[in-house]
Amino acid sequence: MTGDPAVMAITAALLTRPAPRAAHPPVQRVVEVAGRRPVGAYVELTLAAPEIAERAEPGQFVAFAVGGETSGLLLRRSIAIATAGDGEVSVVVSAAGPGSTWLTERQVGDTVDVVGPLGRRYPMPPRGTPALVVGGGYGSAALLGLTAALRDAGSPVLAVVGAATADRLCSVDELGALAEVVVTTDDGSAGRQGWVTDAVATVIGQVGVVYACGPMGMLRAVADAATAAGLPSYVAVEESMACGIGVCMTCVLPIVGEDGRTRFSRSCTEGPVFGGDRVRFADVGALPWDVVGADAMGVVAP
Amino acid sequence: MTATETGVHGHKRRFEVDLRTALGSVEVPSPVLTASGCSANGAELEPFVDLTAIGAVVTKSVQLRPRSGRPTPRMAETPSGMLNSIGLQGPGIDGLLSDDLPWLAERGARAFVSIAGTRVEDFAELAQRLRGVPGVLGLEVNISCPNVESRGEVFACDPVAASDVVSAVRAVADPAQPVYAKLSPDVTDIVSVARAVTDAGADGLSMINTLLGLVIDPDTMRPVLGGVTGGLSGPAIRPVALRCVWQVHQALPEAPILGMGGIRSGLDALQFVLAGASAVSVGTAVFNDPSAVARVHDELAAALAQRGFASLREAVGYAHR
Ligand SMILES: Cc1cc2nc3c(=O)[nH]c(=O)nc-3n(C[C@H](O)[C@H](O)[C@H](O)COP(=O)(O)OP(=O)(O)OC[C@H]3O[C@@H](n4cnc5c(N)ncnc54)[C@H](O)[C@@H]3O)c2cc1C
Ligand SMILES: Cc1cc2nc3c(=O)[nH]c(=O)nc-3n(C[C@H](O)[C@H](O)[C@H](O)COP(=O)(O)O)c2cc1C
Ligand code: FES
């Protein structure tokens with residue numbers, strides 16, 4: 001796909017700058033579950049984790065060891081930070097497989113081994129820039145800290161929150177306290193019927209920057225809409241991660257760098273927040289010839 | 001809300017066991033190292049582990065040129081283990097020499113550099129370029145890559161190809177840098193490969209590398225990994241790794257062994273030492289616990305003390321008595 005002059009022209013005119021490195025390194029702590037509450041189809045856990053809460057920046061995530069000390073589930077589960085403050089961090093977990101199901105079963109007073117905060121934050125726009133935040137499913141929770149930060153920086157915020165069904169929405173009330181919220185569901189069981197991207201199309205003309213968190217297909221659609229409207233966008237990706245701290249190289253995506261060249265960048269340490277125009281969504285899961293180092297893999301230019 | 005955050009290691013105790021060991025001719029203060037490809041080139045572990053206190057950082061296998069690695073998905077979790085098909089993503093030797101090795105050297109961390117290639121000359125050129133580089137303690141030769149000149153057969157599966165690589169590396173490598181050959185368990189007779197590479201001049205043996213495995217997604221009914229097959233690692237492979245260390249130490253008691261494969265705790269590490277390893281690497285366990293390398297060191301010290309060993313050296317191969 002890339003390599004043709006049209007795409008080269010776009011990469012030459014990237015709208016986003018890479019997300020900044022976190023101000024503080026992560027810590028590993030065994031912490032207590034201080035609160036647990038079901039939210040629709042998900043479970044919100046609150047952790048008493050002052051050092052993580054103090055360091056957390058909007059867009060960052062934490063990584064949990066699951067299943068107990070001798071568990072056969074070895075890999076950590078990465079979960080986006082929803083809120084952080086007053087010594088506590090909250091996360092919203094969807095019970096998808098054995099690891100995340102174990103997490104949703106933690107009760108108040110249980111302890112969990114957590115590493116964080118990890119990854120890079122959502123970059124802030126110039127003060128006062130009107131912003132659009134777009135959340136899909138439990139991804140909406142990860143936009144809470146960002147929305148509050150944007151508000152504090154004088155940005156009016158519009159939020160579009162979508163899910164397949166009403167019970168898969170989350171953080172709608174919390175976002176409503178900080179921003180004007182439009183809700184969409186695929187089946188019409190809450191808010192407007194349709195996709196988040198339909199609602200995005202109607203409001204994108206009113207903002208100067210776009211942020212998103214949710215499934216890959218949604219991120220791609222939102223990023224494309226923003227880029228087509230000439231707006232910078234930042235998306236938090238959710239790529240399969242084994243370590244979450246940058247040592248294993250499992251979580252890579254084809255990302256266009258500042259020099260215009262594409263690299264397999266780690267979504268745990270160079271991300272999870274990437275400029276929407278820097279992620280080569282169409283090439284996720286492929287090995288395009290123009291990725292740095294593809295030649296050494298025997299991949300040649302077509 | 002009462003906030004309780006406890007350190008992962010809890011309290012630190014001092015044990016009277018002498019944990020010093022050697023990698024070939026070079027002394028190191030701790031027998032616990034990282035494993036190649038499981039700690040990148042060390043920097044990301046700095047928040048969790050004192051890099052100068054561990055035996056060495058074994059760097060991700062480096063090749064001559066930058067490599068993108070394979071397409072995603074590159075990982076599948078399996079019972080007590082995982083499959084990976086990373087495909088040796090890395091910056092190439094220029095990047096390692098300009099960024100990672102100076103970074104480690106500045107901190108006083110020891111680097112055991114893993115080198116990889118697809119032809120014998122690649123390995124030799126890498127060894128040449130690492131001569132005299134500050135902080136480079138030694139070389140681990142990852143012979144688990146396909147040999148382009150031999151229909152893609154993995155070097156480590158053929159005693160002749162494996163010894164060709166090792167003798168070429170030993171011939172040009174800095175004489176002060178011990179050369180360890182990293183063996184694959186996917187062979188009929190690991191002892192014959194071990195013997196071939198020690199005859200070719202290997203100063204020690206690293207074992208084991210991952211075992212070739214496969215996972216199929218029952219929903220898509222296709223292999224999960226972009227690379228179809230991948231390397232199996234983690235506690236699931238520990239009995240295989242331990243068996244390899246046992247067999248090789250039995251046959252070649254003088255050959256130093258860097259043991260690895262599923263080490264998660266001090267007692268796991270102790271088993272490798274008792275089987276004949278004089279040092280160990282912790283790989284996949286780092287993904288579960290980023291401070292695992294330091295924790296395994298402390299737990300190994302405690303385990304040796306509890307068993308009445310005054311030094312690690314006394315325990316090496318003790319299970320063969
Ligand atoms: C940066 C980031 C933020 C995330 N935020 C949230 C969140 O706020 N809430 C939430 O419920 N989940 C979140 N996830 C997904 C979560 O980490 C789990 O991986 C997912 O719920 C799968 O559940 P499991 O481990 O039980 O599945 P299993 O199938 O047992 O997982 C096996 C392995 O595959 C990985 N994996 C499987 N599915 C996914 C997926 N969709 N995304 C990433 N890795 C996957 C797992 O991490 C694990 O290593 C996030 C993932 C990332 C990378
Ligand atoms: C993600 C991953 C990447 C690896 N990359 C390398 C590598 O580049 N070179 C190498 O010699 N071994 C590599 N290995 C193998 C490990 O160094 C080690 O031999 C193996 O995983 C067994 O140890 P463990 O069970 O403690 O992980 C890799 C293993 C994993 C899991
Ligand atoms: S998850 Fe290990 S490098 Fe990103």
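# Ligand sites and the chain A–chain B interface: worked exercises

In this predicted model, ligand 2 is surrounded by 23 residues, and the closest of these are S36(B), S61(B), K182(B), G262(B) and T284(B).

## Exercise 1: The shell around ligand 2

Work out which backbone atoms approach the oxygen atoms of ligand 2, and state how much of the ligand the protein covers.

Step 1. Start with S36(B), one of the closest residues, which places a backbone N or O atom 2.7 Å from an oxygen atom of ligand 2.

Step 2. Continue with the glycines: a polar backbone atom of G234(B) is 2.8 Å from an oxygen atom of ligand 2, while a polar backbone atom of G261(B) is 3.5 Å from an oxygen atom of the ligand.

Step 3. Turn to coverage: of the 610 Å² of accessible area that ligand 2 has on its own, the protein covers 98%.

Step 4. Finish with composition, for which the shell around ligand 2 gives 8 nonpolar, 13 polar and 2 charged residues.

## Exercise 2: The shell around ligand 1

Where does ligand 1 lie, and which elements each supply at least two residues of its shell?

Step 1. Locate the ligand: ligand 1 lies between chains A and B, and 22 residues surround it, the closest being R77(A), S78(A), V92(A), S94(A) and S100(A).

Step 2. Assign the elements: strand 4 (77–80), strand 6 (88–93) and helix 3 (98–104) of chain A, together with strand 6 (75–78) of chain B, each supply at least two residues of this shell, and strand 4 of chain A gives the largest share, 4 residues.

Step 3. List the polar approaches. A backbone N or O atom of V92(A) lies 2.8 Å from a nitrogen atom of ligand 1, a backbone N or O atom of S100(A) lies 2.7 Å from an oxygen atom of the ligand, and a polar side-chain atom of E238(A) lies 3.1 Å from a nitrogen atom of the ligand.

Step 4. Add the coverage, which is 81% of the 820 Å² of accessible area that ligand 1 has on its own; by class, the shell divides into 12 nonpolar, 6 polar and 4 charged residues.

## Exercise 3: The interface between chains A and B

Describe the contact between chain A and chain B in terms of residues, buried area and salt bridges.

Step 1. Count the partners: 51 residues of chain A are in contact with 44 residues of chain B.

Step 2. Take the area: the two chains bury about 3,800 Å² between them, with 58% of it on carbon and sulfur atoms. Q28(A), L74(A) and V247(A) supply 19% of the area that chain A buries against chain B, more than any other three residues.

Step 3. Consider the polar side of the interface, where there are 3 salt bridges between the chains. D295(A) forms a salt bridge with R65(B), with the closest N and O atoms 3.3 Å apart, and 17 residue pairs across the interface are in polar contact.

Step 4. Trace the elements: on the side of chain A that touches chain B, strand 1 (27–39), helix 2 (50–55), strand 7 (111–118) and strand 15 (262–266) give two or more residues, and strand 1 of chain A gives the largest share, 7 residues.

## Exercise 4: A salt bridge within chain A

Why does the pair E57(A) and R121(A) tie together parts that are apart in sequence?

Step 1. Establish the pair: E57(A) forms a salt bridge with R121(A), the closest N and O atoms being 4.0 Å apart.

Step 2. Place both residues: E57(A) lies in the loop between helix 2 and strand 3 (61–64) of chain A, and R121(A) in the loop between strand 7 and strand 8 (131–136) of chain A, so the pair joins parts that are 64 residues apart in sequence.

How values were computed
Residues numbered from 1 in each chain as written. Chains lettered and ligands numbered in written order. Predicted model: local features only at pLDDT ≥ 70, side-chain atom pairs only at ≥ 80, totals over all residues. Heavy atoms only, no water. Near = heavy atom within 4 Å. Polar contact = N/O pair within 3.5 Å; in protein donor to acceptor, adjacent residues only side chain to side chain. Areas by Shrake-Rupley, 256 points an atom, 1.4 Å probe, with all protein chains shown as cover. Nonpolar A, V, L, I, M, F, W, Y, C, P; charged D, E, K, R; others polar. Contact = heavy atoms within 4.5 Å. Buried area = accessible area lost by both parts, 1.4 Å probe. Salt bridge = Lys/Arg side-chain N within 4 Å of Asp/Glu carboxyl O.
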